[in-house]
Every structure is written in C-alpha cells, then in structure tokens.
Amino acid sequence: MTDRKLTPRQRMQALMFKAPLMIDCKTFDSFVVDYLDGHLPKPLRFRFETHLRFCPECKAFLNDYKKVIAVTQSQKETHKVEVPHALVEAVLRSIPNET
Ligand SMILES: [Zn+2]
C-alpha cells in the first residue's frame, strides 16, 4: 500500500489525525452526547468542532443523532398528550350508565 492509493479525503484525514489537537472519529463519537448537552469543556469543544468541519461522516452522524433525539422527544410528548378523541368517547360510551 502506498500513499498514492489514498483518496484526497483519506490523505486529508491521515494528515489531520497527526495534528496534536485533532481527535479521531471514535473520540468524536464519545463526545457527541456531552457536546449536545453543552457539557463539553471549551478546549474539547474546539477539537470536536474542528473534527466536525473536516469529517463528513461524523457530521452526518451528528445530524442523524440530532434527528433521533428530536424524534424521541416528540414521541415522548405525543405519548404524553395524545389520546385519540374517538378512543376516549368509545371508552366513555362503553361504561354502563348506572343512573
Ligand atoms: Zn470523523
């Protein structure tokens, strides 16, 4: 294997992962939750965002992650408030009237 076989992107990644401030994709993954919660300390946040700028895969991963969170949260709220009106009426109608 020679460097010539690397795609431009792979060459870029090889370069950036040699830089002392860079984190790799694995580290990036482990920071995602803290980053979204706003708990990531500033120096780490900077590395995280730098990685994000150079790595389309992690960028896509973060976007997917955000989507999953959004869906999960909206589902939670849906389950909290949304009992179909028709169901409520059906249940009420099925209760024998005792008067
Ligand atoms: Zn990455």
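Here is a short friendly exchange about how the labels on this predicted model are reached.

Me: What makes the numbers here comparable with the sequence, and which confidence limits apply?
Reply: Residues are counted from 1 along each chain as its sequence is written. As this is a predicted model, local features need pLDDT of at least 70 and side-chain atom pairs count only at pLDDT 80 or more, while totals for chains, interfaces and linings use all residues.

Me: How confident is the predictor in the chain?
Reply: On pLDDT, the predictor's confidence in each residue from 0 to 100, the chain averages 83, and 81% of the residues score at least 70. Helix 1 (residues 8–18) has the lowest confidence, at a mean of 71, and helix 2 the highest, at 93.

Me: How do you know that the span of helix 2 agrees with its number of residues?
Reply: The expected span is 1.5 Å times one less than the number of residues. Helix 2 (residues 25–37) has 13 residues, so 18 Å is expected, and its end C-alpha atoms are 19 Å apart, which agrees.

Me: What makes Phe31 the centre of a kink?
Reply: The bend at a residue is the angle between axes fitted to the seven residues ending there and the seven starting there. In helix 2 the kink is about 45°, centred on Phe31.

Me: Why is Ile23 said to be in contact with Phe28?
Reply: Contact means that two C-beta atoms, placed from the backbone, lie within 7 Å. Leaving aside neighbours within four places in sequence, Ile23 has such contacts with Phe28, Arg47, Phe48 and His51.

How values were computed
Helices (H or I, at least four residues) and strands (E, at least two) are DSSP runs, numbered from the N terminus.
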